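Subject: Structure handover

Hi,

Here is the structure for your files. My notes follow below it.

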Amino acid sequence: MPAALPLYATLPFVAMLLAIAILPLAAPHWWEPNRNKLIVSAGLGLPVLVLYLGRQPTALVHMAGDYVSFVVLLGGLYAIAGGILLRGDLEATPAVNGTFLGAGALLASLIGTTGATMLLIRPLLQTNRERRHATHTVVFFIFLVGNVGGMLTPLGDPPLFLGYLAGVPFTWPLRLWPPWLTMVAGLLGVYLAWDWLLHRREAPAALRRDRARIEPLRVDGGLNALGLLGVVAAVALLSAPGREIAIVALAALSLRRTPATIRRANQFTAGPMVEVAVLFLGIFLTMIPALELLHQRGGEMGVRTPAQFFWATGVLSSFLDNAPTYLAFLALAQGLGLPAEVAGVPHAILAGISVGAVAMGANTYIGNAPNFMVKAIAEARGVRMPTFVGYMVYSGAVLLPLFALVTRLFF
């Protein structure tokens with residue numbers, strides 16, 4: 001058994017978070033190329049790599065497997081969804097935007113938050129291209145489609161899938177529908193009021209252009225929907241490495257068979273996926289000591305009630321990857337000697353862990369896989385997205401009161 005880690009072992013992880021938060025503001029031109037992001041990720045990850053080569057090589061192997069699975073799944077969904085083009089242009093009214101967000105929240109539990117995000121973000125951006133105020137729409141899209149929506153099935157979000165593999169019944173997440181519905185309805189209500197106010201502030205000329213450019217929606221590359229279903233089936237039915245091989249094969253087939261005109265119309269490039277891959281390389285490496293300390297000293301946190309598990313899992317899921325954080329708190333709960341109602345823990349405790357991991361992944365850009373990718377795609381389309389800290393101002397103002405309400409009602 002390796003000796004206990006000192007707290008300073010988490011400094012590379014803290015530095016990684018600070019780099020993501022500060023460098024886009026302090027050195028925007030230097031930070032822009034993905035090559036420089038890779039330099040930061042590799043430089044901060046190297047001390048952890050050296051430490052664990054001598055301390056616990058199996059932790060590196062496990063991290064590498066998780067990282068490969070993460071990138072393959074995300075890349076596969078990105079490639080396949082990038083071959084589906086919704087042509088046309090709807091009028092970007094609050095009702096239309098709200099329909100996009102509500103449909104995405106439902107779809108997220110069926111094909112996963114990443115799949116729903118990649119499928120809908122481009123048509124949403126296209127619909128809003130004439131509007132000057134679009135940033136809030138993308139932020140709420142991250143809240144609803146990239147995170148909260150994926151709460152009802154193990155396919156919806158990686159933490160729930162890991163819970164399924166750890167013994168949680170496949171249909172168990174359906175019992176989370178009350179907090180899911182509360183958060184989806186609350187977020188849609190806030191969004192519709194916000195968008196109504198901003199829609200009234202749009203320039204009349206922009207609104208006229210928006211109405212003049214309306215075209216009925218039609219789908220090109222619709223066969224790629226079968227590819228998305230294939231990815232869902234691979235995740236649900238296969239284990240590594242067969243799962244990853246199947247996803248790569250489906251993505252390769254999509255890239256080969258989809259006409260290039262569709263991808264050009266989607267402004268599909270590898271840049272956003274590369275950005276996510278290089279940044280999360282650093283995050284996955286540097287978070288190893290943080291997760292080990294959580295396993296070693298989590299009991300010192302005094303977490304025992306559903307509300308405490310909801311907030312502890314959620315806060316850490318905001319800055320660590322929410323999937324391993326879910327497993328860490330599930331293991332912590334299993335060791336408390338509480339009634340073993342499901343997967344060795346009480347239903348209420350597992351609900352707190354599950355809702356915290358899924359919903360609070362929306363608190364920062366790095367809390368869940370789709371968040372940074374949506375940011376990158378939106379910026380490539382000319383939407384001015386908030387910085388790392390600026391995004392947290394949005395999430396703090398909108399999500400924290402909602403989470404307080406969920407705590408009061410359900411935990």
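What radius of gyration does the protein chain have, and what would a compact globule with 411 residues have? The protein chain has 21 Å, which agrees with the globule figure of near 22 Å. That radius is taken over C-alpha atoms, and the rule is 2.2 Å times the number of residues to the power 0.38.

This is a predicted model: local features need pLDDT of at least 70, side-chain atom pairs count only at pLDDT 80 or more, and totals for chains, interfaces and linings use all residues. Residues are numbered from 1 along each chain as its sequence is written, and side-chain values use heavy atoms, without hydrogens and water.

Overall picture: the protein chain has 18 helices and 2 strands (DSSP runs, H or I of at least four residues and E of at least two, numbered from the N terminus). Buried residues (under 20% relative accessible area, 1.4 Å probe, protein chains only) make up 54% of the 411.

Now the helix packing. Helix α4 (residues 57–81) meets helix α13 (residues 271–297) at about 160°, with axes 10 Å apart. Axes are lines fitted to C-alpha atoms over the stretch in contact, and angles run from 0 to 180 degrees between N-to-C directions. So α4 is roughly antiparallel to α13 (over 145 degrees).

Helix α3 (residues 34–55) also packs on α13, at about 30° with axes 9 Å apart. That makes α3 roughly parallel to α13 (under 35 degrees).

Best wishes

Notes
Parallel < 35°, antiparallel > 145°, perpendicular 65-115°, else oblique. Buried < 20%, exposed > 50% of the residue type's maximum accessible area, 1.4 Å probe, protein only.
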